[in-house]
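Biologist: Please take one part of this structure and look at it closely. Then follow the chain outward from there, and explain each term as you use it.

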Amino acid sequence: MAKKGNGKPSKEKKSEKIVPEIIELPPPPPPPSQGEFICIHIGQAGIQVGTACWELFCLEHGINLDGTICQLKTNSTSMFSLSQADTYVPRALLVDTEPTVIDTIKTGNYQKLFPNQNMINDKENAASNYAAGFYGIGKKLSSAVMNQLSCLAENCNALQGIALFRSTGGGTGSGMSSRIINDIKDMYPSKTIIDFNICTSSEMSPIIVEPYNTALGTCQDLDSVKCSFLFDNKTLYNICGFKLDIPKPTYRNINNVIALVTSGITSSLRFEGSMMNNLSELLTNLIPYPRLHFPLITHVPISNNAQNISSASTQLAALSFDHNYQMTKIDSKLGKYLSICMMYRGNLTPTDINTAIAFAQREHTIPVTKNINSPLFKFGLCYLPPLTVPSSGIVAATRTVTNFSNNTAIKQYWINLMKNYNKLLSKRVFVHHFTGEGMEEEMFSKTTESISKLIAEYEEIENL
Ligand SMILES: Nc1nc2c(ncn2[C@@H]2O[C@H](COP(=O)(O)OP(=O)(O)OP(=O)(O)O)[C@@H](O)[C@H]2O)c(=O)[nH]1
Ligand SMILES: [Mg+2]
């Protein structure tokens, strides 16, 4: 047994230097080759859809819901940052004018995933009023959002873009988002802004003035947003009913479907080693005319039964044009394809995909639209197969395709919206609520003009 000292410090001990222990830390992951994306989730729908997305992203990247690593799959730093405590933090802001939705996050399963400083709210909602979101309470809050956004942006090596998640039906999702998009355009003019938008569903809308909010917001953002992915709640309810056998779908159910599709769209952004891993590049091909930036989206397969799904690449290519899997129900055959983008996931090679697309075209399982003049086909490939959150009831297929195509038939969505908008406006329904928040009344007629021009632009291309 070693003899203990007599309590007095020895001469030798006095001169002994304290050598700091060197702990070898693992090297930080290299910056993502595809650059970083920051997400801003705005308003109730934006935040609730956002949490469903981040739950799935965490699962796919092997990250626990407290940000610790479970089994990290690849370099995941394009949409997550690595904290000093070695936890993964979503590059995301949760923003709302009122506190209840964010308070639920702060006390629920995600409380450790999103740092407090990335959750920003005020005390009162925008009362389903675009003008309150743009001029009133939303304007007041926007500087806090921009300050925190600049902190997240400084932490990026090569910020590629910013993705917004919101519903333009709500006052915060429409008005406050437009305010923030304006501010982003001023502060980061060269960055790509993409928009995941839960859009007004005329038959299901719980808010009378949703057509105002959606039209005013869209008109304001038209020249700033690069691409807007529209999700229609009514269509999503039907997908949950018919494909997942859920008789009375909740927001949670439909948000799981949105998360699955968003995962497909963003897979090339999030995973290294994919083909076409630059979403901005894909979007440049997808959107030849900047204002016509509302692709039709389908995702296949979506099923609750593993036996019902095929992994044959040809069948998936054909199925990805089936309107039963579309996120907004519009008849694509009535329009003209400008470009088609297919994001494949799973164990496939580029040759497999080229063969599948050529086969599907030859056999006419890809529908021919009127006036079709060889739309531009692009595909991306992420070798990692997709996953699904077990509680979603959606089977994790070994191969999936997310198809986002620029088709002029989407003009029908705007035609339907403007019908409802003009019906309200002709009776001046709640107009005073909007002007009362500081919006000029002529914004209503300017919006009619702007969306009519958008519809005419689609028609012009269709008739080329
Ligand atoms: N898919 C989906 N839609 C939602 C969800 N929550 C609300 N919505 C839809 O979003 C629209 C209303 O927007 P909200 O997000 O509630 O509004 P907000 O942005 O919070 O704005 P204000 O409450 O007016 O300040 C309605 O069409 C709702 O059906 C959700 O979790 N998922
Ligand atoms: Mg709200």
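Modeller: What follows starts with one helix, moves to a residue it meets, and ends with a set of paired strands.

This is a predicted model: local features need pLDDT of at least 70, side-chain atom pairs count only at pLDDT 80 or more, and totals for chains, interfaces and linings use all residues. Residues are numbered from 1 along each chain as its sequence is written, chains are lettered from A and ligands numbered from 1 in the order in which they are written, and side-chain values use heavy atoms, with hydrogens and water left out.

Start with helix α13, residues 411–426. Helices (H or I, at least four residues) and strands (E, at least two) are DSSP runs, numbered from the N terminus. The expected span of a helix is 1.5 Å times one less than its number of residues. For the 16 residues of α13 that gives 22 Å, and the end C-alpha atoms are 22 Å apart, so the two agree.

Which residues of α13 are buried? They are K411, Y413, W414, L417, M418, Y421 and L424. Buried means under 20% relative accessible area, exposed over 50%, and partly exposed in between (1.4 Å probe, protein chains only). Seen down the axis, the buried residues of α13 fall within an arc of 135°, so they line one face of the helix. The arc is that of the directions from the helix axis to the C-beta atoms. There is a general reason for such faces. An α-helix has 3.6 residues a turn, so residues three or four places apart point the same way. The face of α13 turned away from the buried side carries exposed K419, K423 and S426. After α13 comes R428, with a positive phi near 55°.

What does the buried side meet? The buried residues of α13 pack against β7 (192–199), α7 (210–221), β8 (227–232) and α15 (442–462). Contact means heavy atoms within 4.5 Å.

Now step into β8, where L230 sits. L230 is buried, with a relative accessible area of 2%. Leaving out residues up to four places away in sequence, L230 touches N197, C199, F294, I297, M327, T328, I410, Y413 and W414. Y413 and W414 are among the buried residues of α13. L230 and D195 are 35 residues apart along the chain, and their C-alpha atoms are separated by 8.2 Å.

Turn next to strand β1, residues 36–42. In β1, 7 of the 7 residues are buried, so the strand is largely enclosed by the rest of the structure. E36, I38, I40 and I42 lie on one side of β1, with F37, C39 and H41 on the other.

Two strands pair if DSSP finds at least two bridges between them. β1 runs parallel to β6 (residues 159–167), joined by 6 bridges. Here I38 stands opposite I162. β1 also pairs in the parallel sense with β4 (residues 92–96), over 4 bridges. H41 has L94 as its bridge partner in β4.

β4 is mostly covered too, with 5 of its 5 residues buried. A92, L94 and D96 point one way from β4, L93 and V95 the other. β4 then pairs in parallel with β5 (residues 119–121) over 3 bridges. L94 stands opposite M119 in β5. β4, helix α3 (residues 100–107) and β5 form a right-handed β-α-β unit. Right-handed means that, with the strands pointing away from the viewer, the path from the first strand over the helix to the second runs clockwise.
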